[in-house]
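Dear colleague,

I am passing on the structure below, and I would be grateful if you could look it over with the notes that follow it.

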Amino acid sequence: MKTDDLIAVLALESRGPGPGRLRRQIALWSGLGALAAAGVVVVAMGARADLMQGPGLANFIGKAGYTLALAVVGLWLLDRLGRPGARARRAWMAFILLTVGGLAAAGVDLALTPAGARYAQLMGQSALICPLAILILSLFTLAPAMLAARGFAPLKPAAAGAATGLLAGGLAATAYGLHCSETAVSFLVVWYGLGVLATGALGAMIGARLLRW
Amino acid sequence: MTFESPRVQVAFQRAAHARSGRAAIRVSAPAVGFVTLGDRDANLGSNGVEDIDLQIQSLIALSLAGDGAAYARLLALLAPRLRAYFSRRLPDPADAEDLVQETLIAIHTKRATYDSRLAFAPWVYGIARYKLIDHFRRRGVRRHVPLEAAGVLLAVSDTEAGATRADLHRLLAKLPARQRGLLEDVRLRGLTIAEAAARYGYTEGAAKVALHRTMKSLSASVAIDED
């Protein structure tokens, strides 16, 4: 095949999808995955008893705010890492800000807790179940997010995979919040954070293969 | 014309201001042999790289708005530059030509990842470099591909198309189904482009015009280059 002929054929379809389409597509598919994960949480694990009562609802919304912010930053990072020539600096800054800000808040939470109760505050009732549950729930969000992310053209597929994992992990953690009744900030940052981090690592491993183009 | 590295920017401006014919530019920056298309470019002189940069920027805007002729011009403008980029980094011309085609296909299938608020040249350069690294990786070669300013892609062109050895099916598999079908029918099954265009719901005219214009602009570029 001659290169000139290839050009002639490629030129038949010049109008391309706009740059926003990839973002919308991945938001749509990972959002559907998040709904599935939420369904699984409610049906299989049960919603927390106080979900519809004032303090419980406020706590859920607070936790969801943080985990959704992680997901949004994951989407932002993917949208930068997935475009050749685009700079990801501000998205990285947002990620670092969320991480450092979260750890600082966890530190304040523990500092305000009496020394004898700190360990109990951090571990809550479900410290080890939490990251594992998030990792398992992330299968519902990671799979569609990863497939949608294949439309991007990442120069570093593993990094883009990690960003996809951050998106998927943040959504899975939000869904898990429907069940989990832990209220401590330090618990949220450390154990939810660990679950999201694990999903990011899984995403990096999958992305290194699946996001090559 | 802006480069990411200030050092390159300065070097480029010096080269552009030297203006003592092409020879001076050859020494200070690797800017040799411009491909020029159409009479609009006839009086470019030593300002070629800068103009090419502007030109591809306007061509991509037109292309994404649905102007097939602009898109054909854009790809025809990029192909010799990609060829020069790859053939200076690979010993085998057939490998280089394969990568030219792979890159053109990637430009096509990944064009939704181009953010029109950003410059187009770095996007193309990123794709070309990725394809080069990918080529080495497939061959099991570990080789460092230095990150250069995107300007290197625009600076040099090489219009001589070598032979390819691409596994046609592997290349075609990356195209959207309609275009793949058209190409296969024309190239492999010997249909005329008009017959094949009709089969895949392209207007006969669109397919013919695309082919005609590409050929015209290509022959024009060769003619000017040979002076």
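Helices (H or I, at least four residues) and strands (E, at least two) are taken as DSSP runs and numbered from the N terminus. With that in mind, A:Lys156 sits in the loop between H6 and H7 of chain A.

Please keep in mind that this is a predicted model, in which local features need pLDDT of at least 70 and side-chain atom pairs count only at pLDDT 80 or more, while totals for chains, interfaces and linings use all residues. Residues are numbered from 1 along each chain as its sequence is written, chains are lettered from A and ligands numbered from 1 in the order in which they are written, and side-chain values use heavy atoms, with hydrogens and water left out.

As to confidence, pLDDT is the predictor's confidence in each residue, from 0 to 100; chain A averages 93, and 100% of its residues score at least 70. Among the elements of chain A, helix H1 (residues 3-10) has the lowest mean pLDDT, at 81, whereas H7(A) has the highest, at 97.

To return to the loop, A:Lys156 is exposed, with a relative accessible area of 61% (exposed means over 50%, buried under 20% and partly exposed in between, with a 1.4 Å probe and protein chains only). The C-alpha atoms of A:Lys156 and A:Gly82 are separated by 8.2 Å, although the two residues are 74 apart along the chain.

The helices on either side of that loop, H6 (residues 129-149) and H7 (residues 157-176) of chain A, pack at an angle of about 130 degrees with their axes 7 Å apart, where axes are lines fitted to C-alpha atoms, for helices over the stretch in contact, and angles run from 0 to 180 degrees between N-to-C directions. H6(A) and H7(A) are therefore oblique to each other, since angles under 35 degrees count as roughly parallel, over 145 as roughly antiparallel, 65 to 115 as roughly perpendicular and the rest as oblique.

A:Arg83, in the loop between helix H3 (54-81) and helix H4 (89-112) of chain A, is buried, with a relative accessible area of 2%. Leaving aside neighbours within four places in sequence, A:Arg83 is in contact (heavy atoms within 4.5 Å) with residues including A:Pro19, A:Phe152, B:Tyr114 and B:Asp115.

Chain B, finally, contains 11 helices and zero strands, and of its 227 residues 49% count as buried.

With kind regards
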